[in-house]
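The questions below go through one protein model, beginning with its overall layout and ending with single residues.

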Amino acid sequence: MELVAIRTKGDILQDVPLARIGGKGVFIKEIEEALLRGDVDLAVHSMKDVPAEVPETLEIAVMPLREDPGTS
């Protein structure tokens, strides 16, 4: 197994408003493209950055239960 770190536009351009660099998907577009090209087999990412709809050839296969923030 090889760990591949992918930096997205949203990660790189932190001093630019999100709407100006593309709005939705700026933290995931490069990850989706790597998956679609076959450069990576799977990706792990925060759901807060994932748009409601993903490309038809991709799927959200696993989503762990959210921990109760009141118990920390």
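**Layout and local detail**

From the N terminus on, the elements of the protein chain follow the order α-α-α. The model is predicted, and the questions begin with its make-up.

Q: How many helices and how many strands are there in the protein chain?
A: The order of elements along the protein chain, read from the N terminus, is α-α-α. The count that goes with this order is 3 helices and 0 strands.

Q: In which helix of the protein chain is confidence lowest?
A: For the protein chain the mean pLDDT is 86, with 97% of the residues reaching 70 or more. Where pLDDT is low, predicted coordinates should not be read in detail. Confidence is highest in α3, at a mean of 93, and lowest, at a mean of 74, in residues 18-21, that is, in helix α2.

Q: What percentage of the residues of the protein chain count as buried?
A: The C-alpha trace spans about 35 × 30 × 25 Å along its principal axes, and the accessible surface of the chain comes to about 6400 Å², with 54% of that surface belonging to carbon and sulfur atoms. Among contacts between residues at least 6 apart in sequence, 16% join residues at least 24 apart. Of the 72 residues, the share that counts as buried is 17%.

Q: Which side chain of opposite charge is nearest to Glu32, and how many Å away is it?
A: Glu32 has its place in helix α3, and, leaving aside neighbours within four places in sequence, Glu32 is in contact with Val54, Pro55 and Leu58. Although Glu32 is buried, it has no salt bridge. The nearest side chain of opposite charge is Lys29, at 8.4 Å.

Q: Which side chain meets that of Arg37 in a salt bridge?
A: Side chains of opposite charge can pair when their charged atoms come close. Arg37 counts as exposed because its relative accessibility is 55%, whereas its partner, at 48%, counts as partly exposed. The two side chains meet with an N to O distance of 2.6 Å, and the partner of Arg37 is Asp39.

Q: Is Asp49, which meets Lys48 in a salt bridge, buried or exposed?
A: The count of salt bridges comes to 2, and one of them joins the side chains of Asp49 and Lys48 at 3.4 Å, N to O. Lys48 is exposed, with a relative accessible area of 69%. Asp49 has a relative accessible area of 18%, which is under the 20% cut-off, and therefore Asp49 is buried.

Q: Which residues make the nonpolar surface patch of about 280 Å²?
A: One member of the patch lies in the segment after α3, the helix of residues 29-37. That member, Met63, counts as exposed because its relative accessibility is 54%. The full membership of this patch is Met47, Ile60 and Met63.

Q: How far apart in space are Asp11 and Ser46, C-alpha to C-alpha?
A: Asp11 lies in helix α1, residues 9-12, and counts as partly exposed because its relative accessibility is 27%. Leaving aside neighbours within four places in sequence, Asp11 is in contact with Ile6 and Phe27. Asp11 and Ser46 are 35 residues apart in sequence, and their C-alpha separation is 13 Å.

Q: What distance separates the C-alpha atoms of Glu53 and Leu13?
A: Glu53 lies in the segment after α3 and counts as exposed because its relative accessibility is 70%. Glu53 and Leu13 are 40 residues apart along the chain, and their C-alpha atoms are separated by 24 Å.

Q: What is the C-alpha to C-alpha distance between Asp41 and Ile21?
A: Asp41 is found in the segment after α3, and its relative accessibility of 76% is why Asp41 counts as exposed. Asp41 and Ile21 are 20 residues apart in sequence, while in space, C-alpha to C-alpha, they are apart by 27 Å.

Q: By how many Å are the C-alpha atoms of Thr57 and Leu35 separated?
A: Thr57 has its place in the segment after α3, and Thr57 counts as exposed because its relative accessibility is 66%. Along the chain Thr57 and Leu35 are 22 residues apart, and the separation of their C-alpha atoms is 9.6 Å.

Technical notes
Residues are numbered from 1 along each chain as its sequence is written. This is a predicted model: local features need pLDDT of at least 70, side-chain atom pairs count only at pLDDT 80 or more; totals for chains, interfaces and linings use all residues. Side-chain values use heavy atoms; hydrogens and water are left out. Patches are made of residues with over 30% relative accessible area and no salt bridge: like charges are joined within 9 Å, nonpolar side chains (Val, Leu, Ile, Met, Phe, Trp, Tyr) within 5 Å. Accessible areas come from the Shrake-Rupley method with a 1.4 Å probe; for residues, only the protein chains shown count as cover. A salt bridge is a side-chain nitrogen of Lys or Arg within 4 Å of a carboxyl oxygen of Asp or Glu. Helices (H or I, at least four residues) and strands (E, at least two) are DSSP runs, numbered from the N terminus. Buried means under 20% relative accessible area, exposed over 50%, partly exposed in between (1.4 Å probe, protein chains only). pLDDT is the predictor's confidence in each residue, from 0 to 100. Contact means heavy atoms within 4.5 Å. Lys and Arg count as positive and Asp and Glu as negative; His and the chain ends are not counted.
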